Amino acid sequence: MKKLESMEQFEQMKNEGQHIFMFSADWCPDCRIIEPILPEVEEKFSDYTFVYVDRDEYIDLCGQLDIFGIPSFIAFRDGEESGRFVSKDRKTQEEIENFIAGLSR
């Protein structure tokens, strides 16, 4: 999974192609629990580029996007938000995969 390195990179990725941004933080226990399954999820949905966004580093972006719980996922396709799975609840692999499978392509 790529790691977001700048707001400019976010804007570029958001506007070009299909990306799923995962909002997370090193201190988040629920985020650590899903880490081992993420490579498998990325492989299953290889038409998306997955991007890790550190919530603490990009707190202003989280505010703009109404990310008030982590782990959370927002998908963009060519500049349009195509879906969001945003909550403070722990997420299972099945829930994450169902969210991605339900995105408009």
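**Notes on the predicted model**

1. Let's start with a charged pair: Lys14 and Glu11 form a salt bridge through their side chains, with N to O at 3.4 Å. Keep in mind that this is a predicted model. Both residues belong to helix α1, which covers residues 7–15, and they sit 3 residues apart, about one turn of the helix. That spacing makes sense for a helix: with 3.6 residues a turn, residues three or four places apart point the same way. The Lys14–Glu11 side-chain pair also shows up as a polar contact, at 3.4 Å.

2. Is Lys14 buried or exposed? Lys14 counts as buried, because its relative accessible area is 17% and the cut-off for buried is under 20%. Glu11, its partner in the salt bridge, is partly exposed at 31%. Leaving out residues up to four places away in sequence, Lys14 touches Phe21, Phe76, Asp78 and Gly79. Three of those names, Phe21, Phe76 and Asp78, come back below.

3. On to the other charged pairs. The whole structure has 8 salt bridges. One of them joins Glu40 and Lys44, with the closest N and O atoms 3.8 Å apart. These two are 4 residues apart in helix α3 (residues 38–44), again about one turn of the helix. Glu40 is partly exposed at 43% relative accessible area, and Lys44 is partly exposed too, at 47%. If you are setting up a picture of this region, include Glu97, as Glu40, Lys44 and Glu97 are linked in a network of salt bridges.

4. Glu81 and Arg84 make another salt bridge, with 2.8 Å between the closest N and O atoms. Both count as partly exposed: Glu81 has 36% relative accessibility and Arg84 has 35%. Arg84 also appears among the contacts of Leu65, once neighbours within four places in sequence are set aside; the others are Phe10, Phe23, Ile74 and Phe76.

5. Now the nonpolar interior. In general, nonpolar side chains of soluble globular proteins tend to be buried together. Which residues touch the most other members of the largest nonpolar core? They are Phe21, Phe23, Leu61 and Leu65, out of 18 residues in that core. The elements contributing two or more residues to this core are helix α1, strand β2 (18–24), strand β3 (49–54), helix α4 (59–64) and strand β4 (72–77). Another core, of 17 residues, lies apart from it, with Ile20, Met22, Ala75 and Ile96 among its members.

6. Helix α5 (residues 93–101) has four names worth picking out: Ile96, Glu97, Phe99 and Ile100 are its buried residues. They line one face of the helix, because they fall within an arc of 155° when seen down the axis of α5. Glu94 and Asn98 are exposed on the other side of α5. The buried residues of α5 pack against β2, α2 (29–34), α3, β3, β4 and β5 (80–85). Note that Glu97, which is buried here, is also the Glu97 of the salt-bridge network with Glu40 and Lys44.

7. Aromatic pairs next; there are 5 in the structure. Take Phe21 and Phe76: their ring centres are 5.9 Å apart and their planes are at 75°, so the pair is edge-to-face. Phe21 lies in strand β2 and Phe76 in strand β4, so the pair ties together parts that are 55 residues apart in sequence. Phe21 is buried, with a relative accessible area of 0%, and Phe76 is buried at 5%. Add Phe10 and you have one aromatic cluster made of Phe10, Phe21 and Phe76.

8. Finally, some backbone geometry to look at. Most residues other than glycine have a negative phi, and most peptide bonds are trans. Where does this model depart from that? Ile70 and Pro71 are joined by a cis peptide bond, with omega about 0°, and Pro71 lies in the loop between α4 and β4. Asp66, in the loop between α4 and β4, is not a glycine but has a positive phi of about 60°. Asp66 is partly exposed, with 46% relative accessible area. Asp78 also has a positive phi, near 50°, and is found in the loop between β4 and β5. This brings us back to Lys14, since Asp78 is one of the residues it touches.

Key. Residues are numbered from 1 along each chain as its sequence is written. This is a predicted model: local features need pLDDT of at least 70, side-chain atom pairs count only at pLDDT 80 or more; totals for chains, interfaces and linings use all residues. Side-chain values use heavy atoms; hydrogens and water are left out. A salt bridge is a side-chain nitrogen of Lys or Arg within 4 Å of a carboxyl oxygen of Asp or Glu. Buried means under 20% relative accessible area, exposed over 50%, partly exposed in between (1.4 Å probe, protein chains only). A polar contact is a pair of N or O atoms within 3.5 Å; within protein, one must be able to donate a hydrogen and the other to accept it, and residues adjacent in sequence count only if both atoms are side-chain atoms. Contact means heavy atoms within 4.5 Å. A nonpolar core is a set of buried Ala, Val, Leu, Ile, Met, Phe, Trp, Tyr and Cys residues joined through side-chain atoms within 4.5 Å. The arc is that of the directions from the helix axis to the C-beta atoms. Rings of Phe, Tyr and Trp (its six-membered ring) pair if their centres lie within 6.5 Å; planes under 30 degrees apart count as stacked, over 60 as edge-to-face and the rest as tilted.
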